[in-house]
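Biologist: I am new to reading structures, and I would like a close look at how the strands are arranged into sheets. Could you walk me through that part slowly?

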Amino acid sequence: MRAVYVGVMQVSFALFADAANLSQEGKLNILGVFDALQVATLPAVHPRAHLVVHLKGTQLDVGTHTVTLRWINPHGSELWTSTGELNVGAPPPGISEMDLPLIAQIDLPMDSAGAYTMSVSIDGDSASDIPVQVRTAQQPGSKGSMVS
């Protein structure tokens with residue numbers, strides 16, 4: 001009989017930022033959150049964006065997990081994918097919930113204007129989709145969007 005993973009790891013938030021890191025004390029620092037990009041021409045690449053995925057986990061999540069990132073353009077085509085491992089250690093005694101921040105510094109290729117999605121999967125299950133609107137200089141900006 002095969003063991004079934006019944007962990008409860010959840011994404012509490014996921015976003016793009018200009019910079020992110022963990023302090024010596026373990027605090028998550030995020031600078032320049034954005035959900036839209038303005039480019040002069042296409043195709044283009046937004047260099048060194050920071051993808052921040054903040055996970056919450058429990059003792060049930062201890063072990064190695066597969067994390068897959070997929071960058072999808074407005075037409076539904078995957079522009080790139082990357083898979084890695086997330087190793088979750090045991091929490092200290094008495095701790096029932098763990099913060100598990102994941103920070104990935106990545107380049108974002110863009111081949112057309114429109115709505116892009118960074119799809120995040122954990123152990124093959126969809127965990128979060130982070131939208132990014134890409135506009136060119138010819139397109140008017142929409143209210144409420146944060147532009148990098």
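Modeller: Happy to help; here is a walk through the sheets and their strands. First, a word on the source: this is a predicted model, where local features need pLDDT of at least 70, side-chain atom pairs count only at pLDDT 80 or more, and totals for chains, interfaces and linings use all residues. Residues are numbered from 1 along each chain as its sequence is written, and side-chain values use heavy atoms, with hydrogens and water left out.

Let us begin with an open sheet of four strands, ordered 2-1-4-7 with antiparallel pairing. A strand here is a DSSP run of E with at least two residues, numbered from the N terminus, and two strands pair if DSSP finds at least two bridges between them. At the edges are strand 2 (28-34) and strand 7 (98-110), each pairing on one side only. From one strand to the next, the twist averages 50°; such angles run from 0 to 180 degrees between N-to-C directions, using axes fitted to C-alpha atoms. Inside this sheet, strand 1 (residues 10-22) runs antiparallel to strand 4 (residues 44-57), and seven bridges join them. Look for Val-11, which stands opposite Leu-55 in strand 4.

Now move to an open sheet of five strands, in the order 3-9-8-5-6, where the pairing is mixed. Strand 3 (36-39) and strand 6 (78-88) are at its edges with a single partner strand each, so one side of each has no neighbour in the sheet. On average, neighbouring strands here are turned by 20° against each other, direction ignored. Strand 6 pairs with strand 5 (residues 63-72) in the antiparallel sense over 10 bridges. There you can find Val-67 opposite Gly-84 in strand 6.
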